Amino acid sequence: MAAKAIAIEIGYSLTKICEVDYKAKTHKIYKSFTVSNGTEVINDGALMVSPEYVETLKSALAANHVKAKQVVFTITSSKIASREVTIPYVKENRIADVVNANATDYFPVDLSQYQLAHTILGTVGETKGSQQYKLLVMAVPAALLTGYYDLAKALKLEVAAIDYASNSIFQVVKDECAKGRHIVVKIDERASLVMAVENSVLTFTRSVSYGVEEIMDTVMDSLCWGEANTVEQAIRVLQRNECIVPEKGGEDAGSGEAGAQSAKDRALEDVREAVIPLINGITRVIDYYASRNSGAGIERILITGVGADFKGMDEMLSRETNMPVTVLREAAGWNLMRNFKNECFSEYIACVGAAVAPLGFKKESEKRGKEKAKKEGGTGGTNWAPLAYTIFGVGLVAAAALAAIPLVGYANLTKTNMELKAQAGSLEDIIPIYNEFVETQTRHMMAETMYRTTESRNEELEEFLGELEDNLPSNVNVISLTSDQYQVTINMKVGTKDDAGAVVEQMRTFHSLVPGLVTVTSLVEEENEESGEHAVNFTVTATYQAVGYEPEETEETEGTEGMETDGTAADAAVTE
């Protein structure tokens, strides 16, 4: 029977706790529950243990009858540095030695203050002689781990491992993503994690500095969905109401409720404005990954985390990325529906995955203690001292004889070592320059990110109008045009339905519009009683392509495939 462990993920407002089997081949979740932190106890992964928080966790563990004595933490922090590196193809038990030997090349910092861990991303090279390992190497500040050991000690638990959230999630989805290329997005309170899994291999991981905290704050500031004074209440509101995408038929509210409807519309608009930076940040990381990895396309996007269950989040992300988006509710090898009794369990995915195959960040004192125990654990009751002294004496004589042979070579190596140390000392001045470069680069990326969040299709309205002028038939009379950052609505008048169909067909070839979302929302035939002339008045609603969208050459004709040309095109558009 596998040993049980308590898996804990500490967020800014909520702490997720699961009781699971530790490092078991078959996965079972015995208990899962969420605890409100009360006050803020974590800052970018750094844990600040307070007596009140400890008592809250103790009470929650006791109330849920959790008996396990080992604990596994999974953490997310921008202070955890990561690098993708390649090393020679060595035995797996020697990979850590190679990583430690080259660590200063990966991370130009004082590594005595960091702990390293790695995960294998795959291999590079086809032939056995040319193969290399591709690794994701991570360095976590040792001070970051201290808070988790202090919390475990206060709870009277033993730290079995500390894992990184991306690895925790990967352990859950790796079999689900066994074929093809998939994107997994964990949406948390103040940050999100974007990962790529290809054929059960974690190939890419990046952090996005946007989460759902601002969305939840917007809901808590509004009374349109009742009182939502806590994070838990705000989460339930967002899980059960269409706050992120418009409700169908929402524009047909009765006139008697106009005032209340107007207040709700303003609240909905605030929620959607709060979600845009998050969606844009995730989209940019996915675009960056796609640009670096040609070949097979991305099959789907899986979303998890506290924000994944927000109603409409998957639809909004799908609309912006033009890719299928699915909320992670099942994974191969995990019977999540059976194991979880909660209504929504996406927020627990990283928590349960931490106990499968954690990276195992350890404090240096913990490592030394285990090594010492391993050395002392092999002593028996027999007194081997005389034999040991004899062997030592023989070895000492042999060593003295052998030492004389490489003495000259050793002197040369000593000299080289001293020269390299002197060279290293002369290069210490470059460290502040490098640190200033990293800080400047970070500020530039933040400024660029802030600028990109302000981009919208309205900035390219002049270009769209030019495209409209160049491509519409000359017999079209544009009566009115309205546009926002998502879509454009145009009221036009033409002579016949054939002309209306031709206009719709032409607009579906516009590079700035989504072909399948160019539709006719109204069509009225008019007759001039005096002249007897007929005219068709109709309205077209079209959705803009995402900002920065560049169509492929073959996509220019896709908007016209299957279009009718026999005079019923406008009628067909109306029925879409």
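Two strands pair if DSSP finds at least two bridges between them. The legends below describe close-up views of a predicted model.

**View A. Strands 11, 12 and 13 pair in succession in the antiparallel sense.** Strand 11 (residues 181-187) and strand 12 (residues 192-198) are joined by 7 bridges, and valine 185 has valine 194 of strand 12 as its bridge partner. The hairpin between strand 11 and strand 12 passes through 4 residues. Strand 12 is also joined by 7 bridges to strand 13 (residues 201-208), where phenylalanine 204 is the bridge partner of alanine 196. In the hairpin of strand 12 and strand 13, 2 residues lie between the strands, and asparagine 199 takes a positive phi near 50 degrees. Strand 12 is mostly covered, with 6 of its 7 residues buried.

**View B. Five strands form an open sheet with mixed pairing.** The strand order is 3-2-1-6-10. Strand 3 (29-36) and strand 10 (158-164) are the edge strands, and each pairs on one side only. From one strand to the next, the twist averages 20 degrees. Within this sheet, strand 1 (residues 4-10) pairs with strand 2 (residues 14-21) in the antiparallel sense over 7 bridges. Alanine 5 stands opposite valine 20 of strand 2.

**View C. Helix 5 lies across strand 6 and strand 10.** The helix spans residues 165-173, and strand 6 spans residues 70-75. Helix 5 runs at about 85 degrees to strand 10.

**View D. The largest nonpolar core holds 72 residues.** The members that touch the most others are Ile6, Ile10, Phe73, Leu151, Ile162 and Phe361. Helix 4 (residues 142-154) supplies the largest share of this core, 6 residues. Apart from this core lies another, of 46 residues, which includes Val231, Ile244, Leu278 and Met316.

**View E. Isoleucine 6 is shown with its contacts beyond four places in sequence.** These contacts are Ile17, Cys18, Leu61, Val66, Ala68, Gln70, Val71, Val72 and Leu157. Isoleucine 6 is also one of the residues that touch the most other members of the largest nonpolar core.

**View F. The largest cavity encloses about 60 Å³ of space.** The count comes to 1 cavity of 30 Å³ or more. Among the residues that line the largest cavity are Val20, Asp21, Lys23, Ala24, Thr26, His27 and Lys28. The lining also includes Trp334, Val352, Ala355 and Val356. Of these lining residues, Val20 also appears in View B, where alanine 5 stands opposite valine 20.

Note on methods. Residues are numbered from 1 along each chain as its sequence is written. This is a predicted model: local features need pLDDT of at least 70, side-chain atom pairs count only at pLDDT 80 or more; totals for chains, interfaces and linings use all residues. Side-chain values use heavy atoms; hydrogens and water are left out. Axes are lines fitted to C-alpha atoms, for helices over the stretch in contact, and angles run from 0 to 180 degrees between N-to-C directions. Contact means heavy atoms within 4.5 Å. A nonpolar core is a set of buried Ala, Val, Leu, Ile, Met, Phe, Trp, Tyr and Cys residues joined through side-chain atoms within 4.5 Å. Buried means under 20% relative accessible area, exposed over 50%, partly exposed in between (1.4 Å probe, protein chains only). On a 1 Å grid over the protein atoms alone, a cavity is a set of points where a 1.4 Å probe fits but cannot get out, and a pocket is an open set with protein on both sides within 12 Å along at least five of seven lines; lining residues have an atom within 4 Å of a point. Grid points are joined across faces, edges and corners, and a volume is the space filled by probe spheres set on the points.
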